[in-house]
Amino acid sequence: PYALDGLTDGAAWDTFSISLSAAKINGEPWDPNTPLGMIDYDQVHEWTISGSGAHPFHLHLYHMLIVEPGGCGAHQEGEFYDTISASGSCTVRFKTADFGQRMIMVSDRRLT
């Protein structure tokens with residue numbers, strides 16, 4: 001399907017890092033009205049997620065392909081996951097091809 005095009009062929013990716021802590025995402029307190037940033041629609045994105053062992057990471061619109069060499073924790077390289085929970089960092093890819101709207105990302109606990 002079109003939503004999978006470019007995930008594994010070495011295309012140029014938009015990269016971003018997500019760092020979760022007990023109360024923040026990328027050093028910012030969680031606020032539903034303050035976006036972490038903007039990402040392009042119809043593009044492959046590669047994100048490195050850290051801190052998800054204590055706070056699993058979930059995107060509400062896209063499943064994530066594990067591209068971390070050797071996988072990360074229980075997540076196997078080359079498999080798709082809805083939620084990431086791993087000690088250390090985990091690199092994932094997804095394509096913003098099915099939906100074009102505001103996206104919410106969360107951990108398993110409310111960040112306050």
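The following questions and answers look at the strands and the nonpolar core of a predicted model.

In this predicted model, local features need pLDDT of at least 70 and side-chain atom pairs count only at pLDDT 80 or more, while totals for chains, interfaces and linings use all residues. Residues are numbered from 1 along each chain as its sequence is written, and side-chain values use heavy atoms, with hydrogens and water left out.

Reader: What is the order of the strands in the open sheet of five strands?
Author: Strands here are DSSP runs of E with at least two residues, numbered from the N terminus, and two of them pair if DSSP finds at least two bridges between them. The pairing in this open sheet is mixed, and its edge strands, each pairing on one side only, are strand 1 and strand 7 (80–81). The order is 1-4-9-6-7.

Reader: Which residue in strand 4 stands opposite Phe16?
Author: Strand 1 (residues 14–19) and strand 4 run parallel and are joined by six bridges. Within strand 4, the residue opposite Phe16 is Trp47.

Reader: How many bridges pair strand 4 with strand 9?
Author: Strand 4 (residues 44–50) and strand 9 (residues 89–95) run in the antiparallel sense. His45 stands opposite Phe94, and Ser50 has Ser89 as its bridge partner. The number of bridges is seven.

Reader: How many of the seven residues of strand 4 are buried?
Author: Buried means under 20% relative accessible area, exposed over 50%, and partly exposed in between, with a 1.4 Å probe and protein chains only. By this criterion strand 4 is mostly covered, and the number of its buried residues is five.

Notes
Helices (H or I, at least four residues) and strands (E, at least two) are DSSP runs, numbered from the N terminus.
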